[in-house]
Amino acid sequence: MEVTKQIKKFFNKYNSKEKILVTGGLGYIGSHTVVELIEAGYEIFIVDNLVNSNIEVLNGIKEITGVKPVFENIDCTDYVAMDRFFSKHEGIKAIIHFAALKAVGESVENPLAYYRNNVISLVNVLELMPIHKVEGIVFSSSCTVYGQPDHSPVSEDTPLQKAVSPYGNTKQICEDIITDTVKANPNICSVMLRYFNPIGAHPSALIGELPNGVPSNLLPFISQTAAGIRKKLSVFGNDYNTPDGSCIRDYINVMDLADAHVAALRRILDHNVEGVEIYNVGTGKGLSVLEILSTFEKVNEVKVPCEIVGRRSGDIEQIWADPSKANKVLNWEAKVSLEDTLKSIWKWQLHLSENEENKEKVKGGVKMSSLLHGS
Ligand code: NAD
Ligand code: WQD
């Protein structure tokens with residue numbers, strides 16, 4: 001009996017999966033990353049307060065991976081609850097910290113909600129890391145820290161500019177907090193990933209982006225317009241100093257972005273990160289609003305009614321990444337084509353619309369639109 005126990009213990013020690021906490025793991029980028037982490041063999045623990053996500057996402061993750069990760073509905077700004085979480089789930093080796101509010105306009109209207117949520121959540125996890133022997137943290141930063149750069153592509157050394165929104169400022173402040181904390185504490189390290197414009201959905205269409213209300217981001221607006229939920233897309237400006245006059249961004253597929261987290265995490269767990277490392281996560285290619293729009297229509301064989309309107313205040317004219325540091329050091333690169341990415345968005349939109357229609361049918365007998373079975 002004793003021998004069996006010992007064998008079991010030995011087996012567990014050498015086969016046990018590394019435990020990773022994913023805060024905000026039911027959100028858009030978090031859920032796709034959780035899928036990739038599970039498939040890479042990690043044991044995942046999710047903390048999310050569902051302020052911008054839905055518990056049903058957990059079922060989507062289970063359906064894709066066959067694994068339902070541990071989930072706790074906790075607000076990361078609650079230090080006591082987070083401390084209790086780490087004590088309950090001993091042995092967390094690293095954290096991927098997605099939990100944050102992210103709506104730029106909302107942050108201008110309610111800056112304190114953004115400073116409180118985004119900054120205090122981070123401070124709590126950083127304080128708890130050495131107490132619970134967590135070795136490293138991957139932080140969700142953003143290309144928003146570069147503001148309007150003098151030229152693109154931007155590398156990680158491109159000087160940062162004053163943030164144009166409280167949201168953007170929380171990312172700059174959080175980067176500084178991490179840098180100072182890691183400098184003062186040699187037992188922890190961090191990889192900060194500066195995402196460019198994440199788009200797309202899991203190819204299964206079982207998880208994807210769940211925009212709240214009227215989307216302010218381009219792709220959810222395009223797909224909702226194609227589905228007839230919005231009347232037409234407003235293209236914000238065609239008089240920029242770009243080849244077709246519309247703004248240019250670096251659109252990164254969310255599965256590729258998820259894989260960048262797996263690579264960053266591996267680097268932390270292999271003890272290859274000393275202090276803080278920063279990586280741009282983008283494709284290295286800039287695409288205009290009009291190029292995105294026409295490609296979406298073409299690959300999905302749908303029409304997106306649109307009109308050119310004036311510029312949106314605060315918009316950056318053009319920015320795209322130099323991802324060569326991530327390509328080289330993380331051995332990561334964006335792989336999914338723009339065409340497949342835009343197809344995944346449409347497939348996800350149809351899935352969402354179908355669920356909505358099904359709900360409506362239960363309520364009052366709405367006829368299923370032919371659109372839903374169109375592709
Ligand atoms: P999201 O809103 O879909 O996901 C964030 C998740 O965090 C949500 O599930 C939300 O419920 C949760 N959350 C927020 N505050 C919390 C708190 N205090 N405690 C517990 N859970 C909390 O957003 P996303 O697009 O997946 O973004 C993830 C991260 O990436 C964020 O930090 C965001 O700022 C950053 N980012 C996003 C983009 C983008 O365009 N989507 C670009 C650059 C950086
Ligand atoms: C992309 C382009 C618009 C909607 C935002 C955040 C940033 C970062 C990424 C988190 C722009 C144009 C859009 C529409 C349009 N997030 N557009 N009509 O502005 O690059 O960045 O997401 O860190 O902080 O600000 O993304 O998707 O809003 O816009 O013409 O209805 O599409 O003008 O040129 P953006 P976006």
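**Exercise 1. Take stock of the chain.**

Task: State how many helices and strands the chain has.

Solution. The chain has twelve helices and 13 strands. Helices (H or I, at least four residues) and strands (E, at least two) are DSSP runs, numbered from the N terminus. The model is predicted: local features need pLDDT of at least 70, side-chain atom pairs count only at pLDDT 80 or more, and totals for chains, interfaces and linings use all residues. Residues are numbered from 1 along each chain as its sequence is written, while chains are lettered from A and ligands numbered from 1 in the order in which they are written.

**Exercise 2. Check the overall dimensions.**

Task: Compare the radius of gyration of the chain with that of a compact globule.

Solution. Start with the rule: 2.2 Å times the number of residues to the power 0.38, with the radius taken over C-alpha atoms. For 375 residues it gives a value near 21 Å. The chain has 21 Å, so the two agree. Next, take the principal axes: the C-alpha trace spans about 70 × 55 × 40 Å. Last, count burial: 44% of the 375 residues are buried. A residue is buried if 20 or more other C-beta atoms, placed from the backbone, lie within 10 Å of its own; it is exposed if 12 or fewer do, and partly exposed in between.

**Exercise 3. Find the core.**

Task: Describe the largest nonpolar core and follow one of its residues.

Solution. A nonpolar core is a set of buried Ala, Val, Leu, Ile, Met, Phe, Trp, Tyr and Cys residues joined through C-beta atoms within 7 Å. The largest has 100 residues. Those with the most contacts inside it include Ile20, Ile44, Ala260 and Val281. Helix α9 (residues 254-269) gives the most to this core, with ten residues. Now follow Val281. Beyond its neighbours within four places in sequence, its contacts include Leu193, Phe196, Ala260 and Pro323. Contact means C-beta atoms, placed from the backbone, within 7 Å.

**Exercise 4. Place helix α7.**

Task: Test the length of α7 and name the elements it packs against.

Solution. Helix α7 (residues 166-184) has 19 residues. The expected span is 1.5 Å times one less than the number of residues. That is 27 Å, and the helix reaches 27 Å from its first C-alpha to its last. Its buried residues include Pro166, Tyr167, Cys174 and Val182. The buried residues of α7 pack against α5 (104-109), α6 (111-131), β5 (136-142), β6 (189-195) and β11 (276-281).

**Exercise 5. Map the two ligand shells.**

Task: For each ligand, give the shell, its main contributor and its classes.

Solution. A residue is near a ligand if its C-beta atom, placed from the backbone, lies within 6 Å of it. Ligand 1 has 28 residues around it; the closest are Gly24, Gly27, Ser53, Ala100 and Ser140. The largest share, three residues, comes from α2. By class there are 13 nonpolar, twelve polar and three charged residues. Here Ala, Val, Leu, Ile, Met, Phe, Trp, Tyr, Cys and Pro count as nonpolar, Asp, Glu, Lys and Arg as charged, and the others, Gly among them, as polar. Ligand 2 has 19 residues around it, with Ser142, Thr144, Asn217, Leu218 and Cys247 nearest. Strand β8 gives the most, four residues. The classes are eight nonpolar, seven polar and four charged.

**Exercise 6. Judge one residue.**

Task: Decide whether Tyr251 is buried or exposed.

Solution. Tyr251 is in strand β10 (residues 251-253). Tyr251 has 23 C-beta neighbours inside 10 Å, so it counts as buried.

Key. Contact = placed C-beta atoms within 7 Å.
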